[in-house]
Amino acid sequence: MTARSGRRVRVVFEFDEMATERVGWVNSGVLSISSSFSNRRGVRLTLKSVRITLPIMATRKNLSTTDHLRHVESMSTLPSGAGKIPKLNAVILGESLASEEDDLVFSSHDFSQKAHVPSPEKYLEMYKRSIEDPGGFWSDIASEFYWKEKWGEQVYSENLDVTKGNVKIEWFKGGITNICYNCLDKNIESGNGDKVALHWEGNEPDVDGSLTYTQLLERVCQLANFMKENGVRKGDTVIIYLPMLMELPITMLACARIGAVHSVVFAGYSAESLLQRIMDCKPKIVVTCNAVKRGKKVLNLKEIVDAALSESSQNGISVGSCLTYENESAMKKEDTNWQNGRDIWWQDVVPKCSTMCDVAWVDAEDPLFLLYTSGSTGKPKGVVHTTGGYMIYTATTFKYAFDYKESDIYWCTADCGWITGHSYVTYGPLLNGATVVLYEGVPNYPDSGRCWEIVDKYKVTLFYTAPTLYVTRYSRKSLRVLGSVGEPINPSAWRWFFNVVGDSRCPISDTWWQTETGGFMITPLPGAWPQKPGSATYPFFGVRPVIVDEKGKEIEGECSGYLCVKKSWPGAFRTLYKDHERYETTYFSAFPGYYFSGDGCSRDKHGYHWLTGRVDDVINVSGHRIGTAEVESALVSHPQCAEAAVVGVEHEVKGQGIYAFVTLVDGVPYSEDLRESLVLVVRNQIGAFAAPDRIHWAPSLPKTRSGKIMRRILRKIASRQLDELGDISTLADPSVVHQLITLADS
């Protein structure tokens, strides 16, 4: 019999003839009971059931409750799982399956003992210091990295209150460092030069490659030297439009090495989306490849880049060079569109460059990268992350959230076109000296077991993915910790991920964070405390999440409201590119003094956080944040579309799907051909990932008298939550709602 190690438990045994109670101690996962079971005549009894009661753990006396710890300190009195208890209402990893009745999932005693944070008490000790002495806490961690010059006495400065002046966040200002040096040179100098840095798996199962840290540094230096020879200087922007080849992180690191600012654009965005980014950041060069093969489909990336560069040139923004990698498995050189004088083949020039390149030392507050994310106004926002704070925060969150050990093999299935690929494919893992797996293809090619073949092939121990992948026939015995990409997953998906993928033995890092935060903000720490399926659990070190009401007042205890962050953290973004006013308006004006995440959140009686979804108009599709305004603009550009409103709906595979209500021009009839034409417009203007899953014909849309579309009502119709429509009397024409419901049913 198993239960939480090192605890005194009360056990009630029920027999045919009687019930008896025993008290025992749990040590090393084994419950010891001192008595045998027989009646007074010495006859052995038939056991019918066992009921185990776990007591609440005592609070450590030296962890006194303080204002900023009022919600996390509830973990020092761990819940016993009150409620339905048909059996032990907590499970130990590796011992039993998580079921619908299980409120808590504990790490095994052996796992916890070896974890970086082995207990709630250790977490509280570290978290308390990170909040009460953030400068000292983060300085100690930062000192483990290489700095050419150390920062000054003031570790950080901040103002998050728009009523008190411009919003400003600075960490380690005056400190001089380089993130590429810390990712590569520092690891080589510590003796890890021959350790594999990157395993690359091609689209086809028999195509792969690998680079050690020494080899990776040489490739990075060659590209960095090429860029310098072609006029790229510190502070210049480089746009990277590459698929998941090794050349993608190589290019990111090469930019960082010479102080250039990289802007990775997901290789799947349309020419128009790429054009927007080129026009905004005016890159010195664009780095791409001729094509990529994802599954059986070939995507001509060079053609997309050519269209964007041609249009940008006509609009007065001319890009000097387009460095193109020949991805010969997808397309040959001779089949690639080419413009002499601008286009350069990677393989013709980069390998000829020197494998040594001096480091450009930069200030901690110098920009590292620019990453565009969807906005509710339709225009993508250029999120700016700087060097020092981001470096320290991503490295630290990776180490603790995945409980990273030197022997681990790590694979994150996210693309570097998104923040996850920046923080948890490239920078976070390499700063820790990890071995990282990259995969060019899609998870279901050539069959739905491809991901698990890769896990087994490279003996992956830490696997960070979307929990929608098919599992059969494969060992997966190497897996040690699982991570869930995207928003925190619902309890059913969590249990499937835990029971099926992790064989009921792997802790799950089901995290909450955003492009803007740079790294995990609320996250389980494997081994530190029990998990609740579907909960992001507790804040990471240095993070002070608060839940506020509509007036910005902090809500105490068990509650629901708007999720904000009080005080800055090292990984926070510093501004929006060339638009600090929009930065302040979007993130800091709603609740002065706080960073407003745009997400709703609930906190339960034990202090666990549960994310309830976006409260603005951004949809998260398979990890891609897509502004509803972008999709609506694309739809309305169709000559037969008069108006459109887009909402997100729950999707069992993608997390959220795109549901579009479309009003046609007068006299235009509904048809399947027109529906397909509308979807194609979105695919062409934004990308395939933004294509609507459902077009709902709408003679008109529900609007207030002031003309505002009531998206709340549209979400309820799309989700078929018709008993939750609420009051519709405030609409200019309430009958519109009934029309839409009828059309949905037809």
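The pLDDT is the predictor's confidence in each residue, on a scale from 0 to 100. The structure described here is a predicted model, and across the protein the pLDDT averages 85, with 82% of the residues scoring at least 70. Over residues 45-66, however, the pLDDT is below 50, although this stretch has 65 contacts in the model beyond near neighbours in sequence. A second stretch, residues 76-97, likewise stays under 50 in pLDDT, and the model gives it 68 contacts beyond four places in sequence. Where pLDDT is low, the predicted coordinates should not be read in detail.

The overall architecture may be considered next. The protein contains 18 helices and 36 strands, and of its 746 residues, 60% are buried. Among the contacts between residues at least 6 apart in sequence, 67% join residues that are at least 24 apart. The protein exposes about 29300 Å² of surface, of which carbon and sulfur atoms supply 48%.

The cysteines were examined for disulfides. A disulfide is a covalent bond between the sulfur atoms of two cysteines. In this model the count comes to zero disulfides. For Cys221, the nearest cysteine sulfur belongs to Cys357 and is 5.3 Å away; because a disulfide requires the two sulfur atoms to lie within 2.5 Å, Cys221 is in no disulfide. Cys221 is nevertheless buried, at 2% relative accessibility, and Cys506 is also buried, with a relative accessible area of 0%.

The region around helix α12 brings together several local features. Before this helix, a cis peptide bond joins Tyr445 and Pro446, with omega at about -5 degrees, and Pro446 lies in the loop between β23 (435-439) and α12. Helix α12 itself spans residues 450-458, and within it Arg450, Cys451, Trp452, Ile454, Val455 and Tyr458 are buried. In general, an α-helix has 3.6 residues a turn, so residues three or four places apart point the same way. The helix is followed by Lys459, whose phi is positive. This phi is near 55 degrees, a positive value in a residue other than glycine, and Lys459 is placed in the loop between α12 and β24 (462-465). In contrast to the buried residues listed for the helix, Lys459 counts as exposed, at 55% relative accessibility.

A positive phi in a residue other than glycine is also found at Asp503, where the angle is near 50 degrees. Asp503 lies in the loop between α13 (491-501) and β26 (508-510), and with a relative accessible area of 29% it is partly exposed.

Aromatic side chains form another theme of the model, and a search of the whole structure finds 59 aromatic pairs. One of these is formed by Trp147 and Trp151, which meet edge-to-face, with their ring centres 4.9 Å apart and an angle of 70 degrees between the planes. Both partners are buried, Trp147 at 12% relative accessibility and Trp151 at 8%. Another pair, that of Tyr562 and Phe591, is tilted, with a distance of 5.7 Å from centre to centre and 40 degrees between the planes. This pair links distant parts of the chain, since Tyr562 belongs to strand β28 (residues 559-566) while Phe591 lies, 29 residues apart from it, in the loop between α14 (580-587) and β30 (594-603). The two partners fall into separate classes of accessibility: Tyr562 is partly exposed at 23% relative accessibility, whereas Phe591 is buried, with a relative accessible area of 7%.

Ring pairs also join into a cluster, which links Tyr123, Tyr127, Phe137, Trp138, Tyr393, Tyr400, Trp529, Tyr538, Phe540, Phe541 and Tyr608. Aromatic rings are, in addition, placed beneath charged groups. The charged end of Lys186 sits over the ring of Phe145, at 5.9 Å from the ring centre, and the charged end of Arg277 sits over the ring of Tyr269, at 4.5 Å from the centre of that ring.

Notes:
Residues numbered from 1 in each chain as written. Predicted model: local features only at pLDDT ≥ 70, side-chain atom pairs only at ≥ 80, totals over all residues. Heavy atoms only, no water. Contact = heavy atoms within 4.5 Å. Buried < 20%, exposed > 50% of the residue type's maximum accessible area, 1.4 Å probe, protein only. Helix = DSSP H or I, 4+ residues; strand = E, 2+ residues; numbered from the N terminus. Phe/Tyr/Trp six-rings, centres within 6.5 Å; stacked < 30°, edge-to-face > 60°. Lys NZ or Arg CZ within 6 Å of the ring centre and 35° of its normal. Areas by Shrake-Rupley, 256 points an atom, 1.4 Å probe, with all protein chains shown as cover.
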